[in-house]
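Dear colleague,

I am handing over the structure that we spoke about, and below it I have written out what was found. Please keep it open beside this message while you read.

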Amino acid sequence: MSVEGAAIGAFAWLVQPLFDTLFSAGSMEGVTWVALTVGGLFAIRATAGFLQRVLMVGVGLKVITQIQTRLVQHFLTLDMSFFQSNAPGALIERVRGDTAALQSLSSSVLVSLGRDSVTLISLLVVMLWTDWQWTLFALVGLPVLILPLLAVQAFIRRTAIAARAAAARLSTRLDELFHGVQTIKLNRLEGHEATRFRDEIRHFLRPSIKAQIGVAANPAMIDIIAAAGFVAVLYFGGQDIIAGDKTVGEFMSFFTALGLLFEPLRRLSSIAGQVQAAGASLERIYAVFETKPTILPPAAPRPLTPGDITFEDVHFAYGDAPVLHGLSFTAKAGETTALVGASGAGKTTVFAALTRLFDPQSGVIRIGDVAVGEADITALRDTIAVVGQETALFDETIAANIRMGDLNAPDAAVLDAARNASVLEFTEGLPQGVETAVGPRGSNLSGGQRQRVAIARAMLKSAPILLLDEPTSALDAQSEKLVGAALDRLAKGRTTLVIAHRLATIRAAHKIVVLEAGRVIEEGTHDALLAKGGAYARLYEMQISGQT
Ligand SMILES: Nc1ncnc2c1ncn2[C@@H]1O[C@H](COP(=O)(O)OP(=O)(O)OP(=O)(O)O)[C@@H](O)[C@H]1O
């Protein structure tokens, strides 16, 4: 960068001997030497500029990709509540959009920051060397514009912050739109959604354009300074030459330096704007790193031992919305306990609290005699296998998705799990079998197939505690029977909590806990609860009569 910048200064400096000595003396040999030196200077400048750009862009890319990796690593440590208040699209925008804004800063800005400041200094030296008074005249406009320049920086920062926030909303809209494309088509919402998107784009466009106007205003202001400088130098410098105090060569050298000076100055001022814009992104990235997880392992974790799962007077709220109101029940070790109750009663929340995706506000949840908050979170989650309502598959093969239950499992164990969960039943018909890719979020599989893969994953994990949230809801009667039998085998000897709306599937549970509005209203075996004739009996009656 210094070589590149200094070459320009040297070029301006050479103008003076060219005019005053060589041209006037008619020395062709001298002119040739100056020509060769100028050619050499530009060759050095070209090589240095090329190497420096490659280096800086490479370094910039490496830094940015590292920030992206660290951001994602950090995201993965954060609480579930963070992901509830930050939509996936907005988070993607932080990893991609905000870091891209930084990249443009690191590669283009750093390059010209180094080169242009050296150019600027070397040209100023030439100017001061020639005449310090002319130099002052040249920069006469600068002090007047310092305040407006500062005001423009603040404006850019403000509008860039608004533009980044709007970009995050835009990405969220896009994420929603593409995930919901089927619903959009089936409800003929294409026009409606396109309009919503257009509105969102408008909200993004306005601050983005304003920020760019701010960035563009910087070099424009430098041009005003330049105009004032040129006029002043022409006027006062011209007088000196006419009076014979200075030579034409000195004037030309000064004028060349001045002409060359404003270009790097314009670039530096425009960079100042870009730094402000990138600062908005940097702030957003810092904010992520400053967010810390609140669900943490204790300083001295207690080892978990097998035992009953006990909820003791657990109160739980999502933000301000209370869900569990003093929930107490015990799921005996090695037995199957079913949770039933109306939609929204808090059944899935029980699983979220047990696995510490969320911590309750009060009360204790124990496994054996260790509270889940006293155990190491990794150890806790290692002891629990979950088949949730939403079967999260990743864009890999079926086998790879099953292997997520135990990344070190041998192929034979993966195949066993696939067989037991009736996955092989549908993969055998596929050309690549279990090595078939499932597509983004498992979109190439049917709901029931996805569920079977998730069950196989839990089977492979083979954890002592099993949490099943409507594990067979997407299966047909035939598959439900097969997978149900496999789940029964899996549940044998494990502490199992199962949520099912179809009560027929949980008749055999050792205990059924009936929840209503976050409290236990009944518990007992299927037969005992039926005999009691309470809420469960009514629910069961309703389902039986509904089937006939
Ligand atoms: N992540 C969340 N953030 C905020 N509120 C939530 C969240 N998850 C659930 N809720 C609310 O908590 C209440 C209990 O939800 P939960 O999923 O535990 O019910 P459920 O009994 O499992 O229902 P379903 O049978 O329909 O699955 C509901 O009113 C729901 O709106």
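Both faces of strand 8 are covered, since Thr 495, Leu 497 and Ile 499 on one side and Thr 496 and Val 498 on the other are all buried; here a residue is called buried if 20 or more other C-beta atoms lie within 10 Å of its own, exposed if 12 or fewer, and partly exposed in between, with the C-beta atoms placed from the backbone. Put as a count, 5 of the 5 residues of this strand, which spans 495-499, are buried. Helices (H or I, at least four residues) and strands (E, at least two) are DSSP runs, numbered from the N terminus.

Before going further, please note that this is a predicted model, in which local features need pLDDT of at least 70 and side-chain atom pairs count only at pLDDT 80 or more, while totals for chains, interfaces and linings use all residues. Residues are numbered from 1 along each chain as its sequence is written.

What lies on either side of strand 8 in the sheet? The sheet is an open one of 6 strands in the order 6-7-8-3-9-10, with mixed pairing, where two strands pair if DSSP finds at least two bridges between them. Its edge strands are strand 6 (384-387) and strand 10 (519-524), each of which pairs on one side only.

Strand 7 (residues 465-469) runs parallel to strand 8 and is joined to it by 5 bridges, and Asp 469 has Ile 499 as its bridge partner there. Between these two strands the chain passes through helix 16 (residues 477-491), in a β-α-β crossover that is right-handed, which is to say that, with the strands pointing away from the viewer, the path from the first strand over the helix to the second runs clockwise.

Strand 3 (residues 336-341) is also parallel to strand 8, with 4 bridges between them, and 5 bridges join strand 3 to strand 9 (residues 511-516), again in parallel. Ala 338 is a useful residue to find, as its bridge partner in strand 8 is Val 498, and it stands opposite Ile 512 in strand 9.

Finally, there is a ligand, and the residues that surround it include Gln 84, Tyr 318, Gly 341 and Lys 347 (a residue counts as near a molecule if its C-beta atom, placed from the backbone, lies within 6 Å of it). Helix 10 gives the most to this shell, with 3 residues.

With best wishes
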